[in-house]
Amino acid sequence: MPPVRLKDGQFAHIRRAAASDAAGLVALMNRCYQERLYYHTSTYDTTPEQLASLIERDLHVVADVDGALAGWAEISPGRAEFMRHTGNLGMGIDRSYRDAGLGRHLLLAVLDLAREASLERVTLYANASNARALALYEKVGFVQEGRLRREIKDSERYDDVVIMGLLF
């Protein structure tokens, strides 16, 4: 993929993740998860070695800005016999690159991989308070399919989880 120009003028290289990205990706995921904003855990407890095997098995893309990983998107295809046509989406952007258009580029790239892999459906779970993400998902064609009320509780703060799906 050619580099994409972000809203702030920087260029990002969106590419398929490689096993060699695993250590940097674990660090990026932990930075995002520790913010405790939009993830359902505060730590990513997968080792770089474990993530390297997931990168080989699943659909992962990363954004590289000046040699540093700035974001990722992944789709884990279903493993069960009657779920192999589906995948679950997860993604994240380093705080310093948010609102620059990077999420859209990552999302479109990983959805292209899902189509190439002949998936027919992608599902995601997003916090209801994450208005930016919900708007992005709707822009690319996801529709809300359900809501899990008070599914998230961080200290005394609750949040609903919105279930969204995209059919190809």
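**Exercise 1. Helix H3 and the sheet**

State which strands helix H3 lies across, and at what angle H3 runs to E3.

Solution. Step 1: H3 lies across E1, strand E2 (11–16), E3, E4, E5, E6 and E8. Step 2: the direction of H3 makes about 150 degrees with that of E3; axes are lines fitted to C-alpha atoms, for helices over the stretch in contact, and angles run from 0 to 180 degrees between N-to-C directions. Helices (H or I, at least four residues) and strands (E, at least two) are DSSP runs, numbered from the N terminus.

The model is predicted, so local features need pLDDT of at least 70 and side-chain atom pairs pLDDT 80 or more, while totals for chains, interfaces and linings use all residues. Residues are numbered from 1 along each chain as its sequence is written, and side-chain values use heavy atoms, without hydrogens and water.

**Exercise 2. The order of the sheet**

Give the order of the eight strands in the sheet, then name the strands at its edges.

Solution. Step 1: the open sheet runs E1-E2-E3-E4-E5-E6-E8-E7, with mixed pairing; two strands pair if DSSP finds at least two bridges between them. Step 2: strand E1 (4–5) and E7 each have a single partner strand, so one side of each has no neighbour in the sheet. Step 3: H1 packs on this sheet and touches E3, E4 and E5, its direction making about 90 degrees with that of E4.

**Exercise 3. The partners of E5**

Work out how strand E5 (residues 86–93) is joined to E4 and to E6, and whether E5 is mostly covered or open.

Solution. Step 1: E5 runs antiparallel to strand E4 (residues 68–77), and seven bridges join them; Pro77 has Gly87 as its bridge partner in E5. Step 2: with strand E6 (residues 121–127), E5 pairs in the parallel sense over three bridges, and Thr86 has Arg121 as its partner in E6. Step 3: E5, helix H3 (residues 102–116) and E6 form a right-handed β-α-β unit; right-handed means that, with the strands pointing away from the viewer, the path from the first strand over the helix to the second runs clockwise. Step 4: six of the eight residues of E5 are buried, which leaves the strand mostly covered (buried is under 20% relative accessible area, exposed over 50%, partly exposed in between; 1.4 Å probe, protein chains only).

**Exercise 4. Two packed helices**

Describe how helix H1 (residues 22–34) and helix H2 (residues 48–57) pack.

Solution. Step 1: their axes are 8 Å apart, at an angle of about 105 degrees. Step 2: H1 and H2 are therefore roughly perpendicular (under 35 degrees counts as roughly parallel, over 145 as roughly antiparallel, 65 to 115 as roughly perpendicular, the rest as oblique). Step 3: H1 contributes Ala22, Ala23, Leu25, Val26 and Met29 to the contact, and H2 contributes Pro48, Leu51, Ala52 and Ile55 (contact means heavy atoms within 4.5 Å).

**Exercise 5. Asp64 and Glu138**

Decide whether Asp64 and Glu138 are buried or partly exposed, and list their contacts beyond four places in sequence.

Solution. Step 1: Asp64 sits in strand E3 (residues 59–65) and is buried because its relative accessibility is 15%. Step 2: a polar atom of the Asp64 side chain is 2.9 Å from the backbone nitrogen of Gly67. Step 3: beyond four places in sequence, Asp64 contacts Phe11, Ala12, His13 and Arg15. Step 4: Glu138 belongs to helix H4 (residues 131–139) and is partly exposed, at 43% relative accessibility. Step 5: beyond four places in sequence, Glu138 contacts Gln144 and Met164.

Note on methods. A polar contact is a pair of N or O atoms within 3.5 Å; within protein, one must be able to donate a hydrogen and the other to accept it, and residues adjacent in sequence count only if both atoms are side-chain atoms.
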